[in-house]
Amino acid sequence: MIYEVGGIAGSYNLILEGKDSALVTLALQIPIRCTVVEGTHVGGERLQGKVIRLSTKSIEIALDEQIELLTNLKMDLGDVGDGLPGNDFYGKVIKQLGKDGYTHSVRFTSIPPEIVAYFQALHKYAARPSPKNLSE
């Protein structure tokens with residue numbers, strides 16, 4: 001028999017994170033600004049784009065230019081209101097989607113609790129039924 005391990009009880013008391021929830025398509029796309037991070041240096045050029053789909057651990061974004069796979073990004077949400085100004089979050093480009101190469105799947109690497117809560121609310125309340133993954 002094969003079992004899936006989800007955690008260890010006792011003195012270790014560790015639980016593995018659950019699987020990533022399904023990507024949902026947002027009813028309204030959210031503006032996003034991205035800057036490429038190389039090592040500890042944050043680039044100067046800001047890329048503009050929109051969040052198209054999101055899950056608990058990743059987002060799909062459409063940018064105004066192509067970027068390479070495994071690029072680290074510093075991101076912030078555009079004009080989404082007064083509750084989130086200055087809350088940067090980070091991710092890594094894990095896939096290019098679509099035929100144009102301007103849509104990217106980004107896995108979160110560091111995200112503050114305020115952004116997590118915002119994305120959870122969007123995931124729950126601002127989503128519409130998603131078509132199949134763009135890359136399929």
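Phe89, Phe108, Tyr118 and Phe119 form one aromatic cluster, and that's a handy place to start a tour of this model. Keep in mind as we go that the model is predicted. The structure holds four aromatic pairs in total. Take Phe108 and Phe119: their rings are stacked, with 5.6 Å from centre to centre and 15 degrees between the planes. Phe108 belongs to strand 8 (residues 103-110) while Phe119 belongs to helix 1 (residues 113-125), so this pair ties together parts that are eleven residues apart in sequence. Are these two rings buried or exposed? Phe108 has a relative accessibility of 14%, so it counts as buried. Phe119 comes in at 4%, which means that it counts as buried too, the cut-off being 20%. Phe119 also pairs with Tyr118, and here the geometry is tilted: 6.1 Å centre to centre, with 45 degrees between the planes.

Let's step back to the whole chain. What does it consist of in terms of helices and strands? The chain has one helix and nine strands. Read from the N terminus, the elements run β-β-β-β-β-β-β-β-α-β. Of the 136 residues, 32% count as buried. The accessible surface adds up to about 8800 Å², and carbon and sulfur atoms hold 54% of that. As for how the chain contacts itself, take the contacts between residues at least 6 apart in sequence: 58% of them join residues at least 24 apart.

Now for the largest pocket, whose volume is about 170 Å³. Which residues line it? The lining is made of Leu54, Ser55, Thr56, Lys57, Arg107, Phe108, Ile111, Val116, Phe119, Gln120 and His123. You'll recognise Phe108 and Phe119 there, the two partners of the stacked pair. Strand 8 and helix 1 each supply at least two lining residues, and the largest share, four residues, comes from helix 1. By character, the lining divides into five nonpolar, four polar and two charged residues.

Val116 is one of those lining residues, and it is found in helix 1. With a relative accessible area of 30%, Val116 is partly exposed. Another lining residue, Lys57, makes an interesting partner for it: Val116 and Lys57 are 59 residues apart in sequence, yet their C-alpha atoms are 9.4 Å apart in space.

From the pocket we can move over to Tyr90, which lies in strand 7 (residues 89-97). Tyr90 is partly exposed, its relative accessible area being 30%. What does Tyr90 touch, once residues up to four places away in sequence are left out? The list is Val37, Leu73, Lys74, Met75, Arg107, Phe108, Thr109 and Ser110. Phe108 turns up again here, so to speak a familiar face from the aromatic cluster and from the strand 8 end of the stacked pair. Arg107, also touched by Tyr90, is one of the residues that line the largest pocket. Leu73 deserves a second look: Tyr90 and Leu73 are 17 residues apart in sequence, with 5.6 Å between their C-alpha atoms.

The last stop is the loop between strand 5 (58-63) and strand 6 (72-77), where Leu70 sits. What is the backbone doing at Leu70? Leu70 has a positive phi of about 65 degrees although it is not a glycine. Its relative accessible area is 58%, and Leu70 is exposed, since the cut-off for that is over 50%. Thr71 lies in the loop between strand 5 and strand 6 as well, but Thr71 is buried, with a relative accessible area of 14%. Leaving out residues up to four places away in sequence, Thr71 touches Val36, Gly91, Lys92 and Val93. There is also a link in space to Glu38: the C-alpha atoms of Thr71 and Glu38 are separated by 8.0 Å, with their positions 33 residues apart along the chain.

Key. Residues numbered from 1 in each chain as written. Predicted model: local features only at pLDDT ≥ 70, side-chain atom pairs only at ≥ 80, totals over all residues. Heavy atoms only, no water. Phe/Tyr/Trp six-rings, centres within 6.5 Å; stacked < 30°, edge-to-face > 60°. Buried < 20%, exposed > 50% of the residue type's maximum accessible area, 1.4 Å probe, protein only. Contact = heavy atoms within 4.5 Å. Areas by Shrake-Rupley, 256 points an atom, 1.4 Å probe, with all protein chains shown as cover. 1 Å grid on protein atoms, 1.4 Å probe; cavity = no way out; pocket = protein on both sides within 12 Å on 5 of 7 lines; lining within 4 Å. Points joined across faces, edges and corners; volume = space filled by probe spheres on them. Nonpolar A, V, L, I, M, F, W, Y, C, P; charged D, E, K, R; others polar.
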